[in-house]
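Dear colleague,

I am passing on the structure we spoke about, and my notes on it follow below. Please keep the coordinates open while you read, since the notes go residue by residue in places.

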Amino acid sequence: MATVTVVGKLVDIRFTGWERFWTGRERLTMPVAAVRHGSLVADPLRLARGARRGIAVSGVVKIGVWGLFGGPRQLVAARRGGPGLHLVLDRALAGGEFDEVVLSSPAASGIADTIGRAMAARR
């Protein structure tokens with residue numbers, strides 16, 4: 001599973017081996033200021049929608065980029081059976097590639113809280 005850390009004013013997401021293959025990247029780093037909204041989600045698999053470049057095993061795993069031909073562009077690394085993190089981004093501030101990030105993480109609750117505190121501190 002991808003690991004998410006919030007250090008200072010940056011959110012750093014690092015992907016594991018298979019996630020790297022399907023997302024086409026080892027990591028995504030963005031300023032906390034690029035996060036419009038961060039929330040804990042019970043079933044992150046349900047959030048990925050639209051045309052994709054990646055892998056989808058129905059009800060089990062979704063990894064890659066969703067929303068290729070319209071709608072929000074999503075970077076997804078989600079698995080069934082655990083909580084997830086949903087980040088809605090300011091695309092321009094986040095580097096211009098993605099509108100949303102959807103991840104599975106057993107620590108999603110703590111990460112969402114940390115990002116929320118970092119967002120509040122920047123206001």
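**Overall fold**

Read from the start of the sequence to its end, the protein chain follows the pattern β-β-α-β-β-β-β-β-β-β-α, and its secondary structure comes to two helices and nine strands. The radius of gyration is 13 Å, close to the 14 Å that the globule rule gives for 123 residues, so the protein chain is as compact as a globular protein of that length. Please bear in mind throughout that this is a predicted model, and that the values below are computed from it.

Taken along the principal axes, the C-alpha atoms of the protein chain fill a box of roughly 40 × 30 × 25 Å. Of the 123 residues, 42% count as buried, and the accessible surface of the protein chain comes to about 6,300 Å², with 56% of that surface belonging to carbon and sulfur atoms. If one takes the contacts between residues at least 6 apart in sequence, 51% of them join residues that are at least 24 apart.

**Salt bridges**

Side chains of opposite charge can pair when their charged atoms come close. The structure holds seven salt bridges, and I describe some of them here, beginning with those that involve Asp12.

Arg14 forms a salt bridge with Asp12, with the closest N and O atoms 2.9 Å apart. Asp12 has a relative accessibility of 9% and therefore counts as buried, whereas Arg14, at 39%, counts as partly exposed. The side chain of Arg27 also meets that of Asp12 in a salt bridge, at 2.9 Å from N to O. This second pair links distant parts of the chain, since Arg27 lies in strand β3 (residues 27–31) and Asp12 in strand β2 (residues 10–14), with their positions 15 residues apart in the sequence. Arg27 counts as partly exposed because its relative accessibility is 37%. Taken together, Asp12, Arg14 and Arg27 are linked in a network of salt bridges.

A further salt bridge joins the side chains of Glu97 and Arg25, at 2.6 Å from N to O. Here too the pair links distant parts of the chain, 72 residues apart: Glu97 is in the loop between β8 (84–89) and β9 (100–104), while Arg25 is in the loop between α1 (17–23) and β3. Glu97, at 37% relative accessibility, counts as partly exposed, whereas Arg25, at 17%, falls under the 20% cut-off and so counts as buried.

**Aromatic rings**

A pair of aromatic rings is described by the distance of the centres and the angle of the planes. By the rule applied here, the count comes to two aromatic pairs. Trp18 and Phe21 form an edge-to-face pair, with 5.9 Å from centre to centre and 80° between the planes. These two residues are three apart in helix α1, and are therefore separated by about one helical turn. Trp18 is exposed, with a relative accessible area of 60%, and Phe21 is exposed as well, with a relative accessible area of 56%. The rings of Phe21 and Trp22 have their centres 4.9 Å apart and their planes at 85°, so this pair is also edge-to-face. Trp22, at 27% relative accessibility, counts as partly exposed. Trp18, Phe21 and Trp22 form one aromatic cluster.

**A residue in strand β4**

Finally, which residues does Ser39 touch, not counting those up to four places away in sequence? Its contacts on that basis are Gly84, Leu85, His86 and Ala112. Ser39 is found in strand β4, which covers residues 35–41, and at 18% relative accessibility, under the 20% cut-off, Ser39 counts as buried.

With best wishes

Methods. Residues are numbered from 1 along each chain as its sequence is written. This is a predicted model: local features need pLDDT of at least 70, side-chain atom pairs count only at pLDDT 80 or more; totals for chains, interfaces and linings use all residues. Side-chain values use heavy atoms; hydrogens and water are left out. Helices (H or I, at least four residues) and strands (E, at least two) are DSSP runs, numbered from the N terminus. Buried means under 20% relative accessible area, exposed over 50%, partly exposed in between (1.4 Å probe, protein chains only). Contact means heavy atoms within 4.5 Å. A salt bridge is a side-chain nitrogen of Lys or Arg within 4 Å of a carboxyl oxygen of Asp or Glu. Rings of Phe, Tyr and Trp (its six-membered ring) pair if their centres lie within 6.5 Å; planes under 30 degrees apart count as stacked, over 60 as edge-to-face and the rest as tilted. The radius of gyration is taken over C-alpha atoms; the globule rule is 2.2 Å times the number of residues to the power 0.38. Accessible areas come from the Shrake-Rupley method with a 1.4 Å probe; for residues, only the protein chains shown count as cover.
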